[in-house]
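This report goes through one protein model, from overall figures to single residues. Please keep the sequence and the coordinates open while reading.

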Amino acid sequence: MTDQTTSEPIDTSDAASVDGPAKQLAGWLKATIALGPFLILWFAWWRLGSHSISRTGKYEGESAALEWLYRVPRTWTVDWFNFAGRDGFASVSYKATGWVNTWFDHLRYEEFFQFTVAWHLSRGPWLLVLLACLGATGWMSWRTRSNRWLAAIVAVAWMGWSVDLFDFLHLPTTPWVYVFVVVGIASVALAVQYRAFEWTAATTAIAIVGWVTLQTNEESFNVKAFFRQVARWLEFPLDITEGLLISGYGPWHLPDMPWLFIFALLVGGAGWMAWQRRSTAWTMTTAFVGWMAVVSLYEPWHIPALPWIVIAGLFGVVGWKLGGWRLALLSVGFILYASFVGEPANQAGAETRWDKTMITLSAVLVAVPIAALLGGIIGLVAAKRRRVEQFLIPIMNLTQAFPHFTFLIPIGVFIGVSHKAGVIATIAYAIPPMARVTILGIQGISSEVIEAGIMGGCTRRQMLWKVELPAARQSLLVGINQVVMECLAMVVIASFVGTAGLGQDLLFRLTGLHIGAGTEIGIAIVVMAITLDRLSQGLGRLQPTHHPEGAPFWKRHPYLLASGAVVVGGLLLAQAWDAAFRVPNSWMRGHEAFWEWLVDNGKSDVALWHLSGGRWLVPFLAAIAVAGWRAWDTRRYRWLITAAALALVGWSVDLFDFLHLSVRPWIYVFVAAGLVALMYGASARTRLLAQASGDVGSHGEAATQTRQSLRFTWTAAMTVIVALGWVTLRTIDESFTFNVRNYTIAFRDVLESWVLLPMRDAFLTIPWVGLVLLFGVVGYFINGRRPALLAAGMIAFISLAGFWWQAMWNFYQLTFAVLLAIIFGVPFGIWAATTARRNAVVQVLLDFFQTFPSFVYLFPAIMFFGVSETAIIVAVVLSASVPAIRYTIFGIQNVPKPLIEASTMAGCTRRQTLWKVKLPMAVPEIMLGINQTIMFGLFMVMIAGLIKTTGLARELIEAQPNIDSGRAIVAGIAVACIGMSIDLLISEWSDKRKKQLGLIEA
């Protein structure tokens, strides 16, 4: 089998097999082999050495054997595998003694290759050896026309430069630098034009000679200076976007010479073209250039930022273009929220919520195009070169499994703390998803499209631009949507390295536990995220519009004209009315006080107003009667819910106070009636189920309809009994007030005392040898040695790096939170997938929650559970339930239709079809959803370390970029190992199961 885009053979050696090893073994025997050693070792350590673990999880015993059982001994982790330069077994300060920190120090302060080549060779025989190697590699590259030999020349030359063998080649910078630049540009142009190996080799030789001769006098190449220079390149696009949205441009005051002469030539040339062509456009250009000349030469020239009313109008036009009036309304609402909702500035000139929102928006507008472009180029190259893809996929898997904070460490080391550093971290975080989607899009093009392009005589360039990219357009636009969401997620966390805007403000509020202000800022971020997500999705659905030939300009470009009208009208209005330029502070209103009150009081009074019986009682009874009649007539649950809701509202406003009854004996009446209705409904339903399964044809259909009618009647009776019981027994009180926070705090205390803390102590006693064996055996049973070695090696690395107890602390949080997310998410997804209406409503909610930045989930958790382990669990469950629900719905709804039709023809009921056909076929997709749930939960556990730093989250957050970079880097790799090991096992099992079910080719 070959890849049709590259004609290279596809390596399928690492693909999951259909059966896997040891297929003859029974399931219980496999479970025993996998869990037996793990449980025995865990029990042995729990009995023998658990008393030697402190409350923080550190081993404080004296037995070397027990230390080996629990984790890799200290001498190994410190002397050999102490990558982070730290000792986790004693109370010592964190020192940069590990080779990772040493590596960073060399990159920051010394030469590029000294951490690899730390010696210097005298010229002597070594120069002859090096020149011989250069000659041999050059001859082989010329003979074989191979780029790998060309790369070998570069490597040998760079090695010679790094060990000072070319120090005799010192040349002054000028004029040779100009010679090499001119010759190099010419050779690059010829290499691009002719695509010949000779010109590529010539360009490489020129670059090598120029670099060596001009750099050997300095002996080093400082990486920190290079990256800071790259960071300065972002100043231009950031200045453009921030100037457009918030700060404006200028003031400029140009000197008379030479600008007077330049403007004179421009005005004269434009005027001459206007006279010659009698063109209105050239006349307007002449007037505009003349006005610019007068303003910029005779007084300072300042261009203000766009007024908020213009920005709102432009967002509305874009929303209308991409999604109709609903998206336009949402887009305008985002700008209105940013303008009017927020804390007013305390003094003139201070930043308002509008300023911070626009700074964040400008950072996103800069990061998204750059990340999409770089990711698209990387993905395109990987899609065309199988070896490049095989090289990049593991790297992308590792980077996408990294926690957010790990991306900030090298940025802080090489670039420092600044707004640009945060934007660069955002770009780096968003590149892998775009590259991955580009690879899938290009490789997913059908063979018919490729063959049509080849038959049409397309060259390689035409094939790319005219065939492949248009065919992969939808995938690329989906990738842009992912880039937008990744940038929004990272631009908030990047406030740790100095990114200004909403993220920095949110971080200050969160660390200070100002829940009200933090919630208000979080809502502002959510509104921005939802708006940009919907706009990017609309861009993905946008199709080209074709107009008839000769259509007028206003029909061909209506949105362009609307944008021009918005800009002109908004600028004129802003000139006449200051409030149209920036919203006055007196107009701004925030809802911080409401959230603070909710945190402080947490009370809810169901009856917030009271209506006397009289005339209000009759409309309520009539409404309840109508809803009840419609429920009985249509057998619709929505009408039943409406009737119950009306009864609840009537009780809450004291319309049913005439129903005051003593608690006894009515409570027994309602309880007895409810039990009778419950038992009768269950028995009748059982009889009809048996009848429906035994009958066929019209009798079976009639029995099924009768069963559905009885089920609704039974539900309605139970609803009436409960509603009457509740109303009559509760109307004694005029209102029902309860303190939400009291209940949540009580629940937190019980959960932590009886579940979380015992579970934490148990996980802290897991021996590393047992967990390595468990992952290795499970991986072997799934698909042989490869997943077994990879999974076991990743778990072993965590212990070898000295982060075992920290990993187990977060592992217990992840396990419990993911278990809750699965218990809630999978059944809810099954329920939502049964009807199209439920699916439509749930998909909207899922889209809404998935656009939340990770920070935002912390606020409701802190609000109701305080700073605690329970708050972390709640935040993780809120974040991680979304993929569990989404993948469950996707798996059930994508079961092949022939299977469903076959089950229907076999006489299966809807429930039997669900449990016997859909769910077994959807299990692989559900497992992938659980996989994503684990990854989302792992990221959220790390972010939740901001409110309660424990485990690996503490290592990431407390590590200082310029002091202990290795500590955070290796802790991030440990987090990635947890995620990738679980992802590997689930993905391999899912592929194997799909092949067994025939969903993919074996």
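## Burial and the model as a whole

A residue is called buried when its relative accessible area is under 20%, exposed when that area is over 50%, and partly exposed in between. Glu-988, at 7% relative accessibility, is therefore counted as buried. The structure is a predicted model.

The protein has 1002 residues, and 45% of them are buried. Its secondary structure consists of 40 helices and four strands. Of the contacts with a separation of 6 or more, 78% join residues 24 or more positions apart. The accessible surface comes to about 51700 Å², and carbon and sulfur atoms hold 67% of that area.

## Confidence

Mean pLDDT for the protein is 76, with 77% of the residues at 70 or more. Among the elements, helix H33 (residues 804–833) has the highest mean pLDDT, 89, and strand S3 (residues 603–605) has the lowest, 53. Residues 1–16 have pLDDT below 50, and this stretch makes 30 contacts in the model beyond near neighbours in sequence. A further stretch, residues 113–118, also stays under 50 in pLDDT. For residues 113–118 the model has nine contacts beyond four places in sequence.

## Salt bridges

How many salt bridges does a search of the whole structure find? The search finds six, among them Glu-988 with Arg-786, Asp-749 with Arg-748 and Asp-761 with Arg-760.

In the pair of Glu-988 and Arg-786, the closest N and O atoms are 2.9 Å apart. This pair links distant parts of the chain: Glu-988 belongs to helix H40 (residues 965–997) and Arg-786 to helix H32, with their positions 202 residues apart in sequence. The acid, Glu-988, is buried at 7%, whereas Arg-786 is partly exposed at 37% relative accessibility.

The side chains of Asp-749 and Arg-748 meet with an N to O distance of 3.2 Å. Here Arg-748 is buried, at 18% relative accessibility, and Asp-749 is partly exposed, with a relative accessible area of 37%. For Asp-761 and Arg-760 the N to O distance is 3.1 Å. Arg-760 counts as buried at 13%, while Asp-761 counts as partly exposed at 40%.

## Helices H32 and H27

Does the span of helix H32 agree or disagree with the value expected at 1.5 Å a residue? Helix H32 covers residues 785–800, and its 16 residues should span 22 Å; the end C-alpha atoms lie 21 Å apart, so the span agrees with expectation. The buried residues of H32 include Pro-787, Met-794, Phe-797 and Leu-800. Several alanines are also on that list, namely Ala-788, Ala-791, Ala-792 and Ala-796. After H32 comes Gly-802, with a positive phi near 85°.

Helix H27, residues 637–652, also has 16 residues. From its first C-alpha to its last, H27 reaches 22 Å, close to the expected 22 Å. Its buried residues are Leu-640, Ala-643, Ala-647, Gly-650, Trp-651 and Ser-652. Just after H27, Asp-654 has a positive phi of about 65°.

## Thr-519 and its contacts

Thr-519 sits in helix H22, which runs over residues 515–541. Is this residue buried or exposed? Thr-519 has a relative accessible area of 9% and so is buried.

Leaving aside residues up to four places away in sequence, Thr-519 touches Trp-595, Phe-859 and Met-863. Thr-519 and Met-863 are 344 residues apart in sequence, with 9.5 Å between their C-alpha atoms.

## A nonpolar surface patch

Trp-259, Phe-261, Ile-262, Leu-265 and Leu-266 make up a nonpolar patch on the surface. Together these residues have about 480 Å² of accessible area. Trp-259 lies in helix H11 (residues 259–277). Its relative accessible area is 35%, so Trp-259 is partly exposed.

How values were computed. Residues are numbered from 1 along each chain as its sequence is written. This is a predicted model: local features need pLDDT of at least 70, side-chain atom pairs count only at pLDDT 80 or more; totals for chains, interfaces and linings use all residues. Side-chain values use heavy atoms; hydrogens and water are left out. Helices (H or I, at least four residues) and strands (E, at least two) are DSSP runs, numbered from the N terminus. The expected span of a helix is 1.5 Å times one less than its number of residues. Buried means under 20% relative accessible area, exposed over 50%, partly exposed in between (1.4 Å probe, protein chains only). pLDDT is the predictor's confidence in each residue, from 0 to 100. Contact means heavy atoms within 4.5 Å. Patches are made of residues with over 30% relative accessible area and no salt bridge: like charges are joined within 9 Å, nonpolar side chains (Val, Leu, Ile, Met, Phe, Trp, Tyr) within 5 Å. Accessible areas come from the Shrake-Rupley method with a 1.4 Å probe; for residues, only the protein chains shown count as cover. A salt bridge is a side-chain nitrogen of Lys or Arg within 4 Å of a carboxyl oxygen of Asp or Glu.
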